[in-house]
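Let's take a walk through this structure together, one piece at a time. Have the sequence and the 3D view ready.

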Amino acid sequence: MIKVLVVDDHAVVRSGLSFVINSQEDMTVVADAADGLEAYLETERHAPDVVLMDLSMPPGENGLVTTKRIKENFPATKILILTMHDDEEYLFRALKLGATGYILKNAKDDELLDAIRALQQGETYIYPKVTTALVRQFLQQNNGEEVSDSYVQLSNREQEVLPLIALGYGNKEIANKLCISVKTVETHKSNIMNKLDLTTRAEIVKYAIKKNLIDL
């Protein structure tokens, strides 16, 4: 039995997805969550095989950030991004942060169920409509046209600190959330601003929004 966690900020969407999944003989919804923090806690509590993850869950932590946190702490859990965003940047970021599947919300039920089963079997599932973006990136890289991204210069911890700064958390609050010292937070903040060439918190907020790291 494949254990699935459904994550979406709309209750009606969670109910609909849960109905479809629970109607299958080989899978069951063990829990659902309305935001990133709840998704992380439910993953810790239920150890799902597959997390069906929405990307936009305002206000607060973006589904991409939650994906990264879950994969770092629960590497055996597979994450299938279910989103309306037919966007290359979302796709690439999701895969880099640990997602093993990406499917659009306008996909048919059978396609969604096939994707869940594929992830459970250790495969990667990319919805056909967005695979063109992957082919394009591959061709660009092999022609020496790979575009560098300043975000990848950040350490894993700096990537965790960045969206928290953008969301308005103070140094002490960030330290408590990540179980590190205030001085360490200050060091990470300084490194982030230097690496990304940012000088104010307002610029950090604009950068985080542009990179789809937070939802407002």
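Before we start, one term: a residue is called buried when its relative accessible area is under 20%, exposed when that area is over 50%, and partly exposed in between. Also keep in mind that what you're looking at is a predicted model.

Let's begin with helix α8, which covers residues 171–178. Its buried residues are Ile174, Ala175 and Leu178. Look down the axis of α8 and you'll find these buried residues within an arc of 100 degrees, so they line one face of the helix. There's a general reason for such a pattern: an α-helix has 3.6 residues a turn, so residues three or four places apart point the same way.

Now turn α8 around. On the face directed away from the buried side sit Lys172 and Asn176, and both are exposed. And what do the buried residues of α8 pack against? Their partners are α7 and α9, the latter spanning 182–196. Right after α8 ends, have a look at Cys179, where phi is positive, at about 60 degrees.

Next, let's see how α7 meets α8. Helix α7 runs over residues 156–166, and the axes of the two helices lie 11 Å apart at an angle of about 135 degrees. Angles that are neither under 35, over 145 nor from 65 to 115 degrees count as oblique, and that makes α7 oblique to α8. The crossing of α7 past α8 is right-handed. On the α7 side, the contact is made by Arg157, Glu160, Val161, Leu164 and Ile165, while α8 brings in Ile174, Lys177 and Leu178. Sort the residues of this contact by type and you get five nonpolar and three charged, with no polar ones.

One of those contact residues deserves a second look: Arg157, in helix α7. Is Arg157 buried, partly exposed or exposed? Its relative accessibility is 29%, so Arg157 counts as partly exposed. Leaving aside residues up to four places away in sequence, Arg157 touches Leu178, Ile180 and His188. Val185 is 28 residues from Arg157 in sequence, yet their C-alpha atoms are 9.4 Å apart in space.

Finally, hop over to helix α3, residues 63–73, where you'll find Thr66. Thr66 has a relative accessible area of 0%, so it counts as buried. And which residues does Thr66 touch, not counting those up to four places away in sequence? They are Gly36, Ala39, Tyr40, Met53 and Glu61.

Methods. Residues are numbered from 1 along each chain as its sequence is written. This is a predicted model: local features need pLDDT of at least 70, side-chain atom pairs count only at pLDDT 80 or more; totals for chains, interfaces and linings use all residues. Side-chain values use heavy atoms; hydrogens and water are left out. Axes are lines fitted to C-alpha atoms, for helices over the stretch in contact, and angles run from 0 to 180 degrees between N-to-C directions. Helices (H or I, at least four residues) and strands (E, at least two) are DSSP runs, numbered from the N terminus. A crossing is left-handed if the near helix is turned anticlockwise from the far one by less than a right angle, and right-handed if clockwise. Contact means heavy atoms within 4.5 Å. Ala, Val, Leu, Ile, Met, Phe, Trp, Tyr, Cys and Pro count as nonpolar, Asp, Glu, Lys and Arg as charged, and the others, Gly among them, as polar. Buried means under 20% relative accessible area, exposed over 50%, partly exposed in between (1.4 Å probe, protein chains only). The arc is that of the directions from the helix axis to the C-beta atoms.
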